Amino acid sequence: MAASASSTTEPLALSTGRWWQLLIGVICMSMIANLQYGWTLFVNPINDKFQWGRAAIQVAFTIFVLTETWLVPIEGWLVDRYGPRPVMLAGGVLVGISWAMNSVVDSLWLLYVAAAIGGIGAGAVYGTCVGNALKWFPDRRGLAAGLTAMGFGAGSALTVIPIAAMIKSSGYQQTFLYFGLAQGIVVFVLAWFMRAPDPAFKAVVKVPGAEAAAAAVRRDYTAMQMVATPVFWVMYAMFVMMAAGGLMAVAQLAPIAKDFKIADVPVSILGLTLPALTFALSIDRVLNGVTRPFFGWVSDRIGRELTMFIAFFTEGVGILLLSKFGQDPLLFVILTGLVFFAWGEIYSLFPATCGDTYGSRYAAANAGLLYTAKGTASLLVPFSSVLAASGGWHSVFWVASALNFVAAILALAALKPMRDRMRRAAS
């Protein structure tokens with residue numbers, strides 16, 4: 001009887017434990033969100049103090065994204081081999097060091113070094129949390145990856161107003177120090193509770209829904225085996241196209257609002273009145289987070305590629321509308337919200353598709369390798385400043401919109417038939 005009771009309660013305990021692991025991942029992701037999404041608030045104050053030029057300062061953002069993304073495959077390999085805890089502990093320490101350094105830097109090269117340290121730390125946390133979610137939820141990869149990525153997308157929503165207020169009242173340097181230390185400490189503490197699923201867990205999980213056949217892969221691909229398949233490179237190209245426009249908006253939103261002369265114009269929505277830029281940043285963070293589990297959940301039911309087409313096409317339209325109507329403060333807030341809602345889902349759809357196609361065993365390393373597409377896309381962010389200086393922000397919007405439309409078409413015209421052929425060949 002005791003053996004029978006144990007056998008019936010073990011799957012329940014495993015199932016309950018995985019939701020706690022997911023929650024830890026979401027919280028840790030929210031702690032590193034400001035390193036990317038809060039950056040735009042610091043650009044103008046740094047430039048006001050040192051007069052380095054916004055394009056030069058934005059190089060730090062590019063360095064951050066490059067180190068955050070291009071090292072994730074290595075960090076993912078460490079997670080697959082040694083477990084999530086040690087990688088997360090190191091990430092928490094580096095995250096705290098990065099912003100503490102930002103509070104005292106007095107030269108561009110030190111700003112760049114701090115950005116690199118922060119990128120390595122954030123990448124360690126990001127890769128660990130997403131990879132662990134894919135392993136714990138093979139039956140709900142879209143939802144799990146979306147909820148985890150939501151922490152990164154919406155994690156700064158609750159702190160963007162306090163950060164903006166503290167920059168105005170106490171200066172950007174003190175803001176860097178206090179928020180940096182707080183974020184690093186939270187990640188370091190929670191890292192002690194993170195673990196990978198036991199081998200027995202896979203046997204108790206059933207995979208329902210539209211992606212059941214895709215999730216039930218015949219083999220687990222290593223990273224080297226994955227990059228030998230054409231499907232990976234199609235996904236990589238699509239990821240770069242989608243990430244480029246969104247990263248431009250993330251890094252340049254404050255300069256865009258300033259150049260449009262609407263940053264401090266009051267905007268009222270549903271009885272709440274805030275400056276246009278602050279309002280846009282707050283709403284954008286929420287929508288950029290909510291979209292990740294929403295579209296992840298949708299893709300679990302109607303398929304990854306169809307969901308990609310709907311979201312990518314919507315963002316392309318949103319960017320065009322922002323280009324035409326963005327100088328109106330109210331429409332600036334609403335349309336940037338639409339753009340972020342249609343953009344953030346790439347951080348749930350692509351990892352879920354990668355897990356479906358290449359298996360769970362090496363999910364952290366494989367998803368990390370695909371995630372380097374975000375780093376590749378970040379190389380275009382400084383170029384957007386140059387393009388804006390010569391052709392205005394409208395030229396930047398047109399380029400970003402075109403990339404979105406191309407990615408939307410590739411989802412149905414290339415990725416779907418290629419994945420179908422790969423699945424049939426493996427069966």
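Helix 3 (54-70), helix 5 and helix 6 (108-136) each contribute at least two residues to the lining of the largest cavity. The model described here is predicted. In this model, the largest cavity holds about 90 Å³ of space. Its lining consists of Leu35, Trp39, Ala60, Phe61, Phe64, Ser98, Trp99, Asn102, Leu111, Ala114 and Ala115. By class, 9 of these lining residues are nonpolar and 2 are polar, and no charged residues are present. The structure contains 5 cavities of 30 Å³ or more.

The second largest cavity encloses about 70 Å³ of space. At least two of its lining residues come from helix 6, and at least two from helix 17 (363-378). The residues around the second largest cavity are Val72, Tyr126, Gly127, Val130, Gly131, Phe239, Pro351, Ala364, Ala367, Gly368 and Tyr371. This lining has 8 nonpolar and 3 polar residues, again with no charged residues. Helix 6 thus appears in the linings of both the largest cavity and the second largest cavity.

Open space was examined as well. The largest pocket has a volume of about 460 Å³. Among the 17 residues that line the largest pocket, Leu41, Lys168, Asp264, Leu277 and Thr278 are the closest to its centre. Two or more lining residues of the largest pocket are supplied by each of helix 2 (40-50), helix 8 (160-170), helix 12 (230-259) and helix 13 (276-302). The lining of the largest pocket divides into 10 nonpolar, 3 polar and 4 charged residues. Charged residues are therefore part of the pocket lining under the classes used, in which Asp, Glu, Lys and Arg count as charged. The lining of the largest cavity, by contrast, has no charged residues, and the lining of the second largest cavity has none either.

On the surface, a nonpolar patch is formed by Val93, Ile97, Leu181, Ile185, Phe188, Val189, Trp192 and Phe193. Together these residues have about 750 Å² of accessible area. Helix 5 (84-102) and helix 9 (172-191) each provide at least two residues of the nonpolar patch. The greatest contribution to the patch is that of helix 9, with 4 residues. Helix 5 therefore takes part both in the nonpolar patch and in the lining of the largest cavity, where a lining residue is one with an atom within 4 Å of a cavity point.

One of the patch residues, Val189, is located in helix 9. Val189 has a relative accessible area of 42% and is partly exposed. Val189 passes the accessibility condition for a patch because this value of 42% lies above the cut-off, which is over 30% relative accessible area.

Key
Residues are numbered from 1 along each chain as its sequence is written. This is a predicted model: local features need pLDDT of at least 70, side-chain atom pairs count only at pLDDT 80 or more; totals for chains, interfaces and linings use all residues. Side-chain values use heavy atoms; hydrogens and water are left out. Patches are made of residues with over 30% relative accessible area and no salt bridge: like charges are joined within 9 Å, nonpolar side chains (Val, Leu, Ile, Met, Phe, Trp, Tyr) within 5 Å. Accessible areas come from the Shrake-Rupley method with a 1.4 Å probe; for residues, only the protein chains shown count as cover. A salt bridge is a side-chain nitrogen of Lys or Arg within 4 Å of a carboxyl oxygen of Asp or Glu. Buried means under 20% relative accessible area, exposed over 50%, partly exposed in between (1.4 Å probe, protein chains only). On a 1 Å grid over the protein atoms alone, a cavity is a set of points where a 1.4 Å probe fits but cannot get out, and a pocket is an open set with protein on both sides within 12 Å along at least five of seven lines; lining residues have an atom within 4 Å of a point. Grid points are joined across faces, edges and corners, and a volume is the space filled by probe spheres set on the points.
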